[in-house]
Structures are given as structure tokens and as C-alpha cells.
Amino acid sequence: MSSHMRTARGEPAPPQDRKRASDIRQALAETLPVGVGMFSLGITFGLLVVQSGLAWWWTPLFSGLIYAGSLEFLLVGMLMAASPLVSIALTTLLVNFRHVFYSLSFPLHRVRGKAAKTYAVFALIDEAYALTATRSADSFSSLRIIATQVSLQSYWVGGGLVGALTGRALPTIDGLDFTLTSLFTVLAIEACRSGRDVPAPLLAAGCGLFAQLVAPGQMLVVAMTLYVITLLVRYRFTRPQENANA
Amino acid sequence: MPSTGYIVSVLVIAATITFALRAVPFAFLGRLRSSQVTAFLSQHMPAGIMVILVIYLLRGVDVTTSPYGLTEATGIAVTAGLYLWRRNVLLSIFAGTGAYVLLLHFLPAAHG
């Protein structure tokens with residue numbers, strides 16, 4: 001029966017469905033390794049939420065609507081410390097500011113449809129950027145990009161749900177929030193290695209310690225603002241040639 | 001325990017700002033792409049922000065009384081050491097947190 005569908009070269013005709021299925025399969029295969037990591041980290045986030053004393057259903061709301069892993073961890077602690085909303089807003093702005101730069105190379109022009117474009121922008125997390133912003137992504141179909149992002153978000157929200165629901169059955173474990181310190185330590189090492197710049201982390205450490213001394217209540221905001229200012233000052237003085245033309 | 005209204009406000013604020021940070025730059029793509037300040041900031045922001053976050057999370061540590069911050073130092077050393085050695089994010093986080101939790105429970109007892 002299938003022989004009737006073959007072309008002159010003996011190849012099966014490529015129907016649209018096959019292309020779609022292969023796009024989704026490729027997206028699932030590509031997201032699996034990082035997905036396992038996101039799922040596990042999602043579990044620790046769900047655990048943190050319920051062990052902090054918050055209701056389990058806050059986990060999918062935070063993971064689904066904010067969808068920014070490291071910030072979500074940070075927010076749980078800030079929530080429990082009853083941080084003012086201004087601090088929450090500024091911390092969000094500074095912690096997630098890196099997303100501003102993802103627009104430079106994310107292949108949004110490949111995504112078809114207004115709803116799909118909106119979702120693609122909403123779900124533009126570090127991992128989605130890493131998987132789609134390569135040069136080869138310029139050939140990705142709209143479906144493949146969206147399938148990649150939906151798959152990543154499913155891992156994160158799914159892991160959170162598992163952690164939040166099993167966490168209620170577990171005894172409270174002190175010190176579990178250290179996962180966040182570990183996560184940021186790893187991300188700092190990774191960023192320092194890719195930045196190949198010794199002064200930046202040292203300046204940041206200086207800003208952090210100074211802010212802790214002078215404004216312990218608003219340490220994050222003061223430290224990050226100081227750090228941005230030191231970077232701008234550094235830029236001004238280390239690149240005089242380029243600035244002359246600007 | 002924080003009130004529901006407060007948590008909802010936090011959720012809405014964080015979700016809105018995060019989405020805006022991801023969406024707004026697409027409207028200014030041309031100018032952003034050509035800006036050297038943006039390129040400089042994008043290169044140096046992540047490492048510094050992460051270092052500041054680690055310091056923020058360690059702000060409650062008291063190094064003048066037993067166990068002198070040893071618990072946190074060990075957790076970070078295990079995390080960083082394993083990461084530099086194996087390059088495995090999850091392994092580092094789980095082992096580092098594991099070491100921290102174990103010390104947290106057993107170290108104070110050892111010091112009386």
C-alpha cells in the first residue's frame with residue numbers, strides 16, 4: 001500500500017505531518033539533558049516553597065507565571081522576610097536584567113503567529129536561549145522553537161509540582177535553602193570563566209560587602225546599583241578610543 | 001506567614017518585570033545591537049550579579065562565634081571544587097547542599 005505513495009526516486013513522500021513530528025521529536029531530544037537538570041532543580045524549588053510554610057500551589061503559579069528559576073528561589077526567601085515590594089521590583093529588574101541581551105540573537109523572526117511569538121518571548125529563559133540562539137537555529141521551524149520552550153517549561157513546572165507535593169510528606173529539613181547558594185556559586189564560576197575578566201567579580205564582591213556594611217536592609221539593591229555604576233565608570237575609562245566616536 | 005495579598009503582589013510584580021525585560025528589547029533591537037555600552041554590560045553583568053547574590057545569601061553568617069562560618073565555607077568549597085572538577089551543575093549543587101545540611105546537623109553537637 002505504501003508503495004503507491006513513493007515518488008519516482010523511491011523515497012516516501014514527505015507529508016507535512018512527518019515534518020511536524022520530526023520537529024517535535026528533535027525538540028524533545030535536545031531538551032532532555034538540560035530538562036533533567038531543570039526537573040531536579042524544580043523539585044528542590046517545590047521543596048523550598050512548602051518547607052518555608054507556603055501552600056504547595058504557589059509553586060506552579062511562581063514557576064508558570066514568573067518562570068525565572070534563580071529569581072523564584074530568591075523570592076521565596078524575600079517573601080518570608082517580608083521584603084518591601086520596591087525591593088522585590090528592583091531585585092527582579094537586576095537579577096533578570098541579563099534577559100535584555102537575549103533579544104540580540106534569539107530567532108524570534110522564525111516564530112509564526114502572534115500568540116506563539118508572545119509565548120516565545122515570555123519563555124525566553126537561559127536554557128531556551130542556549131538551545132536556540134546558535135547559528136543553526138536560523139533554520140529552525142516555528143514549531144521546533146515553540147516545542148523546545150514548552151518542553152523546558154514542562155520540566156521546570158513539573159519538577160516544582162513533584163517537589164511541592166512530596167515535600168508535604170517529608171519532615172522539614174533545615175538548610176535545604178543552601179541549594180540557592182550552591183546554584184549561584186556555580187553560575188558565578190561559569191560566568192567568571194566565560195567573561196575571562198578578573199576585576200569584575202572582585203569589584204562585585206567589594207560592592208556586595210560595602211552594601212552589606214552601609215545598608216544591610218537594602219543590600220541587594222545598593223550592591224547591584226553600585227556594581228552597574230562601577231562597570232560604567234570602568235567602561236568610560238578603559239575604552240576612550242571607542243567613546244571618542246560616540 | 002506572609003498574607004495572600006502580599007504574595008500575589010510579589011507574583012504580579014516579578015512576572016510583569018521579567019516579561020518586560022524579555023519583551024521590550026525586541027522593540028529596540030537595532031539600537032541595542034549597536035551599543036558598545038550594552039555589549040560591555042552584557043559581558044560583565046552576569047558574573048558580578050552572581051557574586052553579589054552569593055554574598056547576600058551569606059549575610060547572616062557569623063564568623064566570630066562557633067562554628068565560625070565553617071558550615072557555609074564547606075558547602076561552597078564542595079560546590080565549587082566539584083564544579084571545577086566535574087563540570088556537572090546538579091552534582092555540585094546536591095553534593096554542596098548535602099555537605100552543608102550534614103554539617104549543620106552534626107557540627108554544633110561536636111562543639112558542644
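**A:Ser87**

I looked up A:Ser87 and found this residue in helix α4 of chain A, which covers residues 85-95. The model is a predicted one, and I read each entry below with that in mind. Is A:Ser87 buried or exposed? I noted a relative accessibility of 6% for A:Ser87, so this serine counts as buried, the cut-off being under 20%. I then listed the contacts of A:Ser87, setting aside neighbours within four places in sequence. The partners are A:Met78, A:Gln218 and A:Val221.

**A:Trp57 and its patch**

I went next to A:Trp57, which sits in a loop of chain A. The loop lies between α1 (16-51) and α2 (58-66). I recorded a relative accessible area of 39% for A:Trp57, so this tryptophan is classed as partly exposed; that class runs between the 20% limit for buried and the 50% limit for exposed. Which residues make up the nonpolar surface patch with A:Trp57? I found A:Leu61 and A:Leu65 there. Together the three residues have about 260 Å² of accessible area.

**Chain B**

I turned to chain B and counted five helices and zero strands. Read along the sequence, the pattern of chain B is α-α-α-α-α. Why do I call chain B more spread out than a compact globule? Because its radius of gyration is 20 Å, well over the 13 Å that the globule rule gives for 112 residues. I also took the span of the C-alpha trace of chain B along its principal axes, which is about 60 × 40 × 25 Å.

I checked burial in chain B as well: 42% of its 112 residues count as buried. For the accessible surface of chain B I have about 5,700 Å², with 67% of that belonging to carbon and sulfur atoms. On contacts within chain B, I kept to pairs with a separation of 6 or more and found that residues 24 or more positions apart account for 34% of them.

**Chain A against chain B**

My last entry is the interface. How many residues of each chain are in contact across it? I have 85 residues of chain A in contact with 65 residues of chain B. The size of an interface is often given as the accessible area lost when the parts come together. For chain A and chain B I noted a buried area of about 6,900 Å². Carbon and sulfur atoms give 81% of that area. I looked for salt bridges between chain A and chain B too, and the rule finds zero across the interface.

Methods:
Residues are numbered from 1 along each chain as its sequence is written. Chains are lettered from A and ligands numbered from 1 in the order in which they are written. This is a predicted model: local features need pLDDT of at least 70, side-chain atom pairs count only at pLDDT 80 or more; totals for chains, interfaces and linings use all residues. Side-chain values use heavy atoms; hydrogens and water are left out. Patches are made of residues with over 30% relative accessible area and no salt bridge: like charges are joined within 9 Å, nonpolar side chains (Val, Leu, Ile, Met, Phe, Trp, Tyr) within 5 Å. Accessible areas come from the Shrake-Rupley method with a 1.4 Å probe; for residues, only the protein chains shown count as cover. A salt bridge is a side-chain nitrogen of Lys or Arg within 4 Å of a carboxyl oxygen of Asp or Glu. Helices (H or I, at least four residues) and strands (E, at least two) are DSSP runs, numbered from the N terminus. Buried means under 20% relative accessible area, exposed over 50%, partly exposed in between (1.4 Å probe, protein chains only). The radius of gyration is taken over C-alpha atoms; the globule rule is 2.2 Å times the number of residues to the power 0.38. Contact means heavy atoms within 4.5 Å. Buried area is the accessible area (1.4 Å probe) that two parts lose on being put together, summed over both.
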